[in-house]
Structure formats: C-alpha cells, structure tokens
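Here's a walk through one predicted model, moving from a ring pair out to the helices and strands around it. Keep the viewer open as you read.

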Amino acid sequence: MRKINILLVEDNQTITKGLEYAFEQNKFLYASCSSIEKAKKYLESTKVNIIILDISLPDGNGFDFYKNVIKNKKIPTIFLTAKDTEDDIVKGFELGAEDYITKPFSTRELIARINRIILREKNNEINIK
C-alpha cells in the first residue's frame, strides 16, 4: 500500500500537535509548516499527496498560496480555517480547493474527508491502468 504524505500548513501549535497525533494514529506520513515560506520550500523537494491549509498565516494568505503555487501542482487541498463567512467558503471552492472546513472542527471528520480523497485517488489510479 502506498504511503500518503500530508502537508499541514498551520501556525497554531495546539492544532498542529493534535493533528500530528491523529495522522500518526492513521499511519499517514506528514510534515507541518507554520508559514507559507516554509511550505514553499518543502514542496520544492518533497512529493505531497494532500495539503491541509490554513488561510490566515503569519507571512501571507492561504488563498493566494493555493492560487499561485498549489493549484498548478494539482495537489488536493483542504482549507482548514477560522474564516467561516459564506464568501470565504465559496471563494475557497471557486479557487479549486477539494474541501473547506471551519474551526473549531472535528478531527474525525477531517480524517474522514482525507480518507475520501485517498479512496478517490486510488480509484483514479486503478481506472488509468
């Protein structure tokens, strides 16, 4: 079975620690970056299957990072953010994000949404072969 590599871009250490524990329990490989700059560097050298992306980061905006960097790489991305207005949610989907989850959130729900992406990607691989 192929290992799933998740990149978490989140500056809140409490959330990061909780999600790292959940990723370990689900046997996901993961890395976390607390800024856009660190995430850009990580993406230059590492293949990532899924990105969990906050919008409000210390060095920029997750929407812009998605639009300018991630979208071209075609990496399924879930926005995980406190920005919960309808306009923000719609913007996230219109940009092309896979999903949009607002904080506070359920870790089990996030894992279920990640698993849904993994299953779809696995089915796509089978259909291509």
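## Phe-23 and its ring partner

Phe-23 has 0% relative accessibility, so it counts as buried (buried means under 20% relative accessible area, exposed over 50%, partly exposed in between, with a 1.4 Å probe and protein chains only). Tyr-30 comes out at 25% relative accessibility, so that one is partly exposed.

A quick word on ground rules. This is a predicted model, so local features need pLDDT of at least 70 and side-chain atom pairs count only at pLDDT 80 or more, while totals for chains, interfaces and linings use all residues. Residues are numbered from 1 along each chain as its sequence is written, and side-chain values use heavy atoms, with hydrogens and water left out.

## Aromatic pairs

Rings of Phe, Tyr and Trp (its six-membered ring) pair if their centres lie within 6.5 Å; planes under 30 degrees apart are stacked, over 60 edge-to-face, and the rest tilted. That rule gives six aromatic pairs. One of them is Phe-23 with Tyr-30: the ring centres sit 5.8 Å apart and the planes are at 50 degrees, so this pair is tilted.

Phe-63 and Phe-79 make an edge-to-face pair, because their planes are at 70 degrees, with the ring centres 5.2 Å apart. Phe-63 belongs to helix 3 and Phe-79 to strand 6, so the pair ties together parts that are 16 residues apart in sequence. (Helices, H or I with at least four residues, and strands, E with at least two, are DSSP runs numbered from the N terminus.) Both rings are tucked away: Phe-63 is buried with a relative accessible area of 3%, and Phe-79 is buried at 0%. The two also sit in one aromatic cluster, which Phe-63, Tyr-66, Phe-79, Phe-93 and Tyr-100 form.

## Helix 3

Which residues of helix 3 are buried? In this helix, residues 62-73, they are Gly-62, Phe-63, Phe-65, Tyr-66 and Ile-70. They share a side of helix 3 because they cover an arc of only 135 degrees around the axis, where the arc is that of the directions from the helix axis to the C-beta atoms. Flip to the other side of helix 3 and you'll find Asn-68 and Asn-72 exposed.

The cover over those buried residues includes helix 2 (36-45), strand 3 (50-53), strand 5 (60-61), strand 6 (77-81), helix 4 (86-95) and strand 7 (99-102). At the N-terminal end of helix 3, Asn-61 acts as a cap, with a side-chain oxygen 2.6 Å from the backbone nitrogen of Phe-63. Just past helix 3 comes Lys-74, with a positive phi of about 55 degrees.

## Strand 6

Strand 6 is mostly covered, with five of its five residues buried. Thr-77, Phe-79 and Thr-81 point one way, and Ile-78 and Leu-80 the other way. In a regular strand, side chains alternate between the two faces of the sheet.

Strand 6 pairs in the parallel sense with strand 3 over three bridges and with strand 7 over four bridges (pairing takes at least two DSSP bridges between the strands). Ile-51 stands opposite Thr-77 in strand 6, while Ile-78 has Asp-99 in strand 7 as its bridge partner.

Thr-81, also in strand 6, is buried at 1% relative accessibility. Leaving aside neighbours within four places in sequence, Thr-81 is in contact (heavy atoms within 4.5 Å) with Asp-54, Ile-55, Tyr-100, Ile-101, Thr-102 and Lys-103.

## Helix 4 and the crossover

Strand 6, helix 4 and strand 7 make a right-handed β-α-β unit. Right-handed here means that, with the strands pointing away from the viewer, the path from the first strand over the helix to the second runs clockwise.

Helix 4 has Asp-88, Gly-92 and Leu-95 as its buried residues. They fall within an arc of 70 degrees seen down the axis, so they line one face of helix 4. Those buried residues pack against helix 3, strand 6 and strand 7, whereas Glu-86, Asp-87 and Glu-94 are exposed on the other side of helix 4. After helix 4 comes Gly-96, with a positive phi near 115 degrees.

Note on methods. A polar contact is a pair of N or O atoms within 3.5 Å; within protein, one must be able to donate a hydrogen and the other to accept it, and residues adjacent in sequence count only if both atoms are side-chain atoms.
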